[in-house]
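Good morning, colleagues. Please take a moment with the sequence and the structure before I begin.

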Amino acid sequence: MSTAATAVPAAILPGRGGIGGALSDAFWRKPGLLLFLMLTPPLLWLGVIYLGSLFALLIQSFFSIDEFSGMVVREFTLKTYGELLRPSNLDIIVRTVTMAGMVTIASAIIAFPIAYYAARYAKGRWKAVFYLGVMLPLWSSYLVKVYAWKLILAKEGILTWVLDKLHLTFLIDGWLALPVVGGNSLSLSTTGTFLVFVYVWLPFMILPMQAALERVPGNLLEASADLGASPGQTFRNVLFPLALPGVIAGSIFTFSLTLGDYIIPQIIGTSHLFIGMAVYAHQGTAGNIPLAAAFTVVPVVIMGVYLWLAKRAGAFNAL
Amino acid sequence: MGLKIAAGVGLAFLHLPILLIFLYAFTTEEKSYQFPPPGLTLKWFAVTWNRPDVWEALGLSVRVASISTVVALTLGTLCAAAISQTKFFGREAISLLVILPIALPGIITGISLRSAFNLAEIPFSFWTIVLGHATFCVVVVYNNAVARFRRMSGSLIEASMDLGADGFQTFRHVILPNIGTALLAGGMLAFALSFDEVIVTTFTAGQQATLPIWMLEELVRPRQRPVTNVVAMVVVLVTFLPILAAYYLTRDGDQISGQGK
């Protein structure tokens, strides 16, 4: 015991041996160094490659194309944006935004019962069933989903067969005879495009909606009912305002995804162009990169405004 | 009651079209999408099996998805660790940057990469596809890893250090076992995402065909519909397995050590 003084450990341990030890010590002394090393690879990748490409694209939208030679003139001009405002191009923008709006509203209406049931009533095993029931369609192949609808909407397909058995074929013929939404067959009509958009993006609406609804305390709904509100009044005055951030969060996805898609309207729908198809056509066969770039600025600006409004409505807490 | 029916109908709406794909893979009809199928056969599975173009496309897709997943795992984990363990200026901006490739429509990512390749005179290759895919796969890994890091208590790492482990030992024996399943789940989702991606790929692939590109060509100009049916069914099955696995891996994520903060 009296010799304890010799056993007192040093207050400061000696450095660890080897390169690993030295590195480990260096990271401990300078946490900034470790942070720097950790952030460099992802920032190089995303910041340089990705953001760099985005800015390069943005810059090209201020170039223009020489009508005679078809070559891109690398001088600053607003001519391309002037071209974007031509009536035919404005038509494309209006058509796409209208479609995105309709798809968003329809998804919200169809998503609500699923999200509400999953959030309020489903317990245990059923909760898992609902969760997977939304996740599997969300993650299964986008093209396969589009393909499935090509099968469904085909003239000789299942939908016609079912309606024929129910003797309701006149319904579909009547609908297809209508001017804007109709067409030769469902797979060649705007209605078809709309249906496929709703189907493909619906899971993106259900998930944030369910997350928001799960956070609504059940006793609020009971209180509302106790105070004499009808179910409709409770929905309008209590449930809907509280679930709204979730709806807006979901609408960010449905709106943005519809704005940029060019494959669905190409496979199912009329020959009228959407923004995505216009971008694809201009950069591809036409080789008009400046106009294609200017077209991509449209969804970016729309989504920027949309995200800003959504942030003000508190939608990001529901993501 | 009405709610129950509406929810059920909604779920059916989500699943019936996918089930229909399974039926069509067995149809004897070659020329049209006739329903109900005039007969059922297994013949098209054999035909598809002997198609070299399908195998080539599948091989390319698997290789691209594997490499993209590895890149996304590395970058996503690094980013998640940096964001969740420390506070520094510009943190919000970095998390926004990670989410951006998936928040903006895919066509924008695609066309900007393509024009950048053009400007830099990089020819299309296997690596240009990987470049595009890894960019938007980072976010899935990042999301999974960040969620797990948040639930993991920082005191665990401090305890490990106090007990004399160096940084690498702490990473190997304390951090990795705790985030392992989240990374595995993130990696599987990244694989599924890359395996299925078509919009960005059309811009970065040039003449090469991944499986989704092959399908897209068949959709625009159908050549042999029964083969497409079979491929569609196989793609559904191949993507379902990682999703189910990822679900079971993250489901038990609540039982993480060091949770009681």
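Which hand does the crossing of α11(A) and α12(A) have? The crossing of these two helices is right-handed. I should state at once that this is a predicted model. The axes of α11(A), residues 218-226, and α12(A), residues 231-260, come within 10 Å and cross at roughly 145 degrees. On the side of α11(A), the contact is made by A:Leu220, A:Leu221, A:Ser224 and A:Ala225. On the side of α12(A), the residues are A:Thr234, A:Val238 and A:Leu239.

A second helix pair in chain A deserves attention. The axes of α5(A) and α10(A) come within 6 Å, with a crossing of roughly 45 degrees. That angle makes α5(A) oblique to α10(A), because oblique covers angles from 35 degrees up to 65. The crossing of α5(A) and α10(A) is right-handed.

I turn now to chain B as a whole. Its secondary structure comes to 11 helices and zero strands. The C-alpha atoms of chain B fill a box of roughly 70 × 60 × 35 Å along the principal axes. Of its 261 residues, 44% count as buried. Among contacts in chain B between residues at least 6 apart in sequence, 78% join residues at least 24 apart.

How many residues of chain B are in contact with chain A? The number is 63, and they meet 71 residues of chain A. Several elements of chain B give two or more residues to this side, among them α3 (52-85), α4 (91-103) and α8 (167-196). The largest share, 13 residues, comes from α1(B).

That helix merits a closer look. Helix α1 of chain B covers residues 2-24, which is 23 residues. At 1.5 Å a residue it should span 33 Å, and its end C-alpha atoms are 33 Å apart, so the expected and computed values agree. There is nevertheless a kink of about 30 degrees in α1(B), at B:His15, shortly before the proline B:Pro17.

Which residues of α1(B) are buried? They are B:Ala7, B:Gly10, B:Leu11, B:Leu14, B:Pro17, B:Ile21 and B:Tyr24. In chain A, these buried residues pack against α5 (87-120), α6 (125-139), α7 (142-153) and α10 (190-214). In chain B, they pack against α11 (225-251). The helices α5(A) and α10(A), whose crossing I described above, are thus both among the partners of α1(B).

B:Leu11 serves as an example from this helix. B:Leu11 counts as buried because 20 other C-beta atoms lie within 10 Å, and the cut-off for burial is 20 or more. Leaving aside neighbours within four places in sequence, B:Leu11 is in contact with A:Ile114 and A:Gly133.

Finally, I draw your attention to two backbone angles. Most residues other than glycine have a negative phi. A:His167 has a phi near 55 degrees, a positive value. A:His167 sits in the loop between α8 (158-165) and α9 (169-177) of chain A. Is A:His167 buried or exposed? With 8 C-beta neighbours inside 10 Å, A:His167 counts as exposed.

In chain B, B:Glu121 has a positive phi of about 55 degrees, although it is not a glycine. B:Glu121 is found in the loop between α5 (106-119) and α6 (126-151) of chain B. B:Glu121 is exposed, with 6 other C-beta atoms within 10 Å.

Conventions: Residues numbered from 1 in each chain as written. Chains lettered and ligands numbered in written order. Predicted model: local features only at pLDDT ≥ 70, side-chain atom pairs only at ≥ 80, totals over all residues. Helix = DSSP H or I, 4+ residues; strand = E, 2+ residues; numbered from the N terminus. Expected span 1.5 Å × (residues − 1). Bend = angle between axes of the 7 residues up to and from the residue. Buried ≥ 20, exposed ≤ 12 C-beta atoms within 10 Å, placed from the backbone. Contact = placed C-beta atoms within 7 Å. Axes fitted to C-alpha atoms, helices over the stretch in contact; angles between N-to-C directions. Parallel < 35°, antiparallel > 145°, perpendicular 65-115°, else oblique. Left-handed = near helix turned anticlockwise from the far one by under 90°.
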